[in-house]
Amino acid sequence: MSSDFYNTSILPFAGIIIKLCRAYTNSQEDFEDYYQEVCLQIWRSKENFRGDSEWSTWVYRISLNVCLTLLKKKKNNNQHFVSDSLPAEEIEETENNHAFSDEPLNLLYDAIRKLSEIDRAVIMLYLEEKSYQKIADIIGTNANNIGVRVNRIKVKLKKALDG
Amino acid sequence: MDKSIENIWKEGFLKSDALIAPKLNNLYTRKSIHIIDKFKRMFKINLIAIVAFSFIFLIVSFLVGIPIMGIIFFVTLTVLVIINKRLLNGLERLDKGVNCYEYLKAFNQWIKMQVSVNRRMSTFLYPIIFVSMILGFWFKDAKGLPLGERLVHKILLSFPDIYLIFGIPLIGFVIVVFILVLLAFFGGRIYQWDLNLIYGRVFKKLEELMADIESLNN
């Protein structure tokens, strides 16, 4: 991967890649693996980008697909890997080197990690201020569904943060 | 919690440590180790499978009355396993202290050497296996006579003027020699096909990884 490609085509979107990868991992080591794999896959798939959508949508889509694939692989390899139903105390055990310095953000991430895989993707894109239509394009559904889903997720997160 | 999740999100990521991208090179080191470890595992399993098969076949060959075939099979495959085990020991000696590209290159060279040794052996291996099959069935007991001799007697009854060489019909001899030459000629290719069938995906990944790293270095 040339550094030019990384600087011009990936780095501007590194923020969302980092945020997504963090939502699907529970340790710094996994996070780094996921981030690097996403970058590699974006670079490898660049020839397939036909310009039907924006480059950013393409990047989000690849990032999400890679995260979901790696998560599935990891789940298959290790039954104890964090899943939607993993107890909170188990998440905390693995998170010591994976935390932000901002405590409310850590709590929010903990709550996000307890969501289902797709809900995680939806809320991450919503928090990145993507329109419902764009989220729908990335996830592969329609905008109405996304609106309803975002509201449900927000209620869940609020409950988790307050509780 | 008073703040909305939108505000927690925005404010949290204003801090400088929140969005630090990891370095990219580590991935290749992990991937190379993973690929090479996978190959080693597959290679070991393959050798164990050959040993197990040759043992089982040796026993079965005695039970069904073709011990010559079983013994030749066993000896040939044992030699094959010993040589490949020695090659595998060479793989274990590769210097893991070098960077991942150098490690992959060393592994690639080892693969080439391993393939070349096995290709040469295949020139003999497949003909030997074929000969073992012929001898095995030739000397199989068939009502007090070796099966081969019984077959020759039957042929002689139908074609009494057939030309024999060492007690074998010339035509049969020619066919066997022709098949042996073919097997010796195509042995290397059969091995290559077999190799790609088992390790093809690993080799492809290895090539992709090396191309990625070369591209990264450029």
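Student: Where in chain A does A:E129 lie?
Tutor: Happy to start there, bearing in mind that this is a predicted model. A:E129 has a positive phi of about 65° although it is not a glycine. As for its place, A:E129 sits in the loop between helix 7 and helix 8 of chain A.

Student: Is A:E129 buried or exposed?
Tutor: Let's count its surroundings: A:E129 has 10 other C-beta atoms within 10 Å. A residue with 12 or fewer counts as exposed. A:E129 is therefore exposed.

Student: Which loop of chain B holds B:F166?
Tutor: B:F166 is not a glycine, yet its phi is positive, about 50°. B:F166 counts as exposed, with 6 C-beta neighbours inside 10 Å. Its place is the loop between strand 3 (164-165) and strand 4 (168-169) of chain B.

Student: Which helix of chain B supplies at least two residues of the largest nonpolar core?
Tutor: Good one! That core has 43 residues, and A:L20, A:C21, A:V38, A:L108, A:V122, A:L125 and A:I135 touch the most other members. Several helices of chain A each supply at least two of its residues, including helix 3 (28-45) and helix 9 (143-162). From chain B, the contributor is helix 1 (5-12).

Student: Leaving aside neighbours within four places in sequence, which residues is A:V38 in contact with?
Tutor: A:V38 is one of the core residues that touch the most other members. With neighbours within four places in sequence set aside, its contacts are A:I17, A:C21, A:I62, A:S63 and A:V66.

Student: How many residues make up the other core?
Tutor: This core lies apart from the largest one. Among its members are B:M69, B:F73, B:F74 and B:L77, and the count is five.

Methods:
Residues numbered from 1 in each chain as written. Chains lettered and ligands numbered in written order. Predicted model: local features only at pLDDT ≥ 70, side-chain atom pairs only at ≥ 80, totals over all residues. Core = buried A, V, L, I, M, F, W, Y, C linked by C-beta atoms within 7 Å. Buried ≥ 20, exposed ≤ 12 C-beta atoms within 10 Å, placed from the backbone. Helix = DSSP H or I, 4+ residues; strand = E, 2+ residues; numbered from the N terminus. Contact = placed C-beta atoms within 7 Å.
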